[in-house]
Amino acid sequence: MRYSPEALVAFTEAASLGSFSAAARKLRKSQSTVSIAIANFEADIGCPLFDRNGRHPTLNEAGRQVLSHVEAILEASAQLDALAVRLAQNVEALVSVVMSDSYSVTFQGAVMTRFAQHYPHTELRCGPAEDADVIEMIQQGLAHVGILATQPGYPADVAVARLPEQAEFGVYVASEHPLASLPQVQAQHLENARQLYIKTYAPSLHHGRGQAWSAPDYLTLLEFAVRGFGWAELPRALVKRFGNELVELQIAGYPRRVDMDVAWSSRRALGPAGQWLVRQMLGQ
């Protein structure tokens, strides 16, 4: 039996989001269209897949079993799309990349040089973004590839792979900041001073504590710290290149290492240049 691809996507999104209306908004379709697609899919399967007795639909036992198979079908479909693009060698005119400031210093070296050599006629568009903003830009089709600190979880429509490099973070202040004169900084010292922290435009888990200023990128936080506005956890490579005047605080647990991921949409196949770029980042 053949199942509608649109129904499979609607089913997985409704299962992931726990709401037909939320799935409709994400897929940019009417709720009735999503509901009908799921109902038709249930009719094809031969049984209900959701418990609709509560306020929100929840997967029943049959739905949970079906979901794993549907996810495998969509993953196989995405892989086939990627293969078709590679076979056709329809090289894209533009590859857009958004990346964390904690990785961009490394990225702007050998990988970009090789990209320019392999794809001289493809525009490479790069910009800064962190965490939830990276994920949202990929989902909205505003970026083909994203590089970000490893997240606790990812949406079903975002594919990820762990990068071989890690980012290293330290806590920094301006040389004239009161914290700079302390031989050992404790958590209480930080709580009594203004924190400079990452706050993405998209909803995220980041929150300041006590006095706090925020920015959506680390380079802005670095500038805040240089001007003495507070303390910030910053990528050490970024500080080495742009913030030599900052003082790294001696504090338990730092410097700390952070895993990094490369992400792309599992719903829209990357072109040859985008796939090549991801493979290069992964060291393949």
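This section describes the second largest pocket of a predicted model and the setting of two residues, Gln-275 and Glu-13.

The second largest pocket encloses about 560 Å³ of space. Its lining comprises 23 residues, of which Glu-75, Ala-78, Gln-79, Ala-159 and Trp-264 are the closest to the pocket centre. Both domain 1 (5-89) and domain 2 (94-165 + 259-282) contribute residues to this lining, and the second largest pocket therefore lies between the two domains.

Four secondary-structure elements each provide at least two lining residues: the helices α4 (61-88) and α11 (272-281), and the strands β6 (158-174) and β11 (256-265). Helix α4 accounts for the largest share of the lining, with seven residues. In terms of residue class, eleven nonpolar residues are found in the lining of the second largest pocket, together with six polar and six charged residues.

Helix α11, one of the elements that supply this lining, also contains Gln-275. The relative accessible area of Gln-275 is 8%, and this residue is therefore classed as buried, the limit being under 20%. The C-alpha atom of Gln-275 lies 8.4 Å from that of Ala-82, although the two residues are 193 residues apart along the chain.

Glu-13 is located in helix α1 (residues 5-17). With a relative accessibility of 2%, Glu-13 likewise falls under the 20% limit and so counts as buried. When residues up to four places away in sequence are disregarded, Glu-13 is in contact with Gly-18, Ala-23, Lys-26, Leu-27, Asp-157 and Arg-267.

Methods. Residues numbered from 1 in each chain as written. Predicted model: local features only at pLDDT ≥ 70, side-chain atom pairs only at ≥ 80, totals over all residues. Heavy atoms only, no water. 1 Å grid on protein atoms, 1.4 Å probe; cavity = no way out; pocket = protein on both sides within 12 Å on 5 of 7 lines; lining within 4 Å. Points joined across faces, edges and corners; volume = space filled by probe spheres on them. Nonpolar A, V, L, I, M, F, W, Y, C, P; charged D, E, K, R; others polar. Domains from an automatic or database assignment. Buried < 20%, exposed > 50% of the residue type's maximum accessible area, 1.4 Å probe, protein only. Contact = heavy atoms within 4.5 Å.
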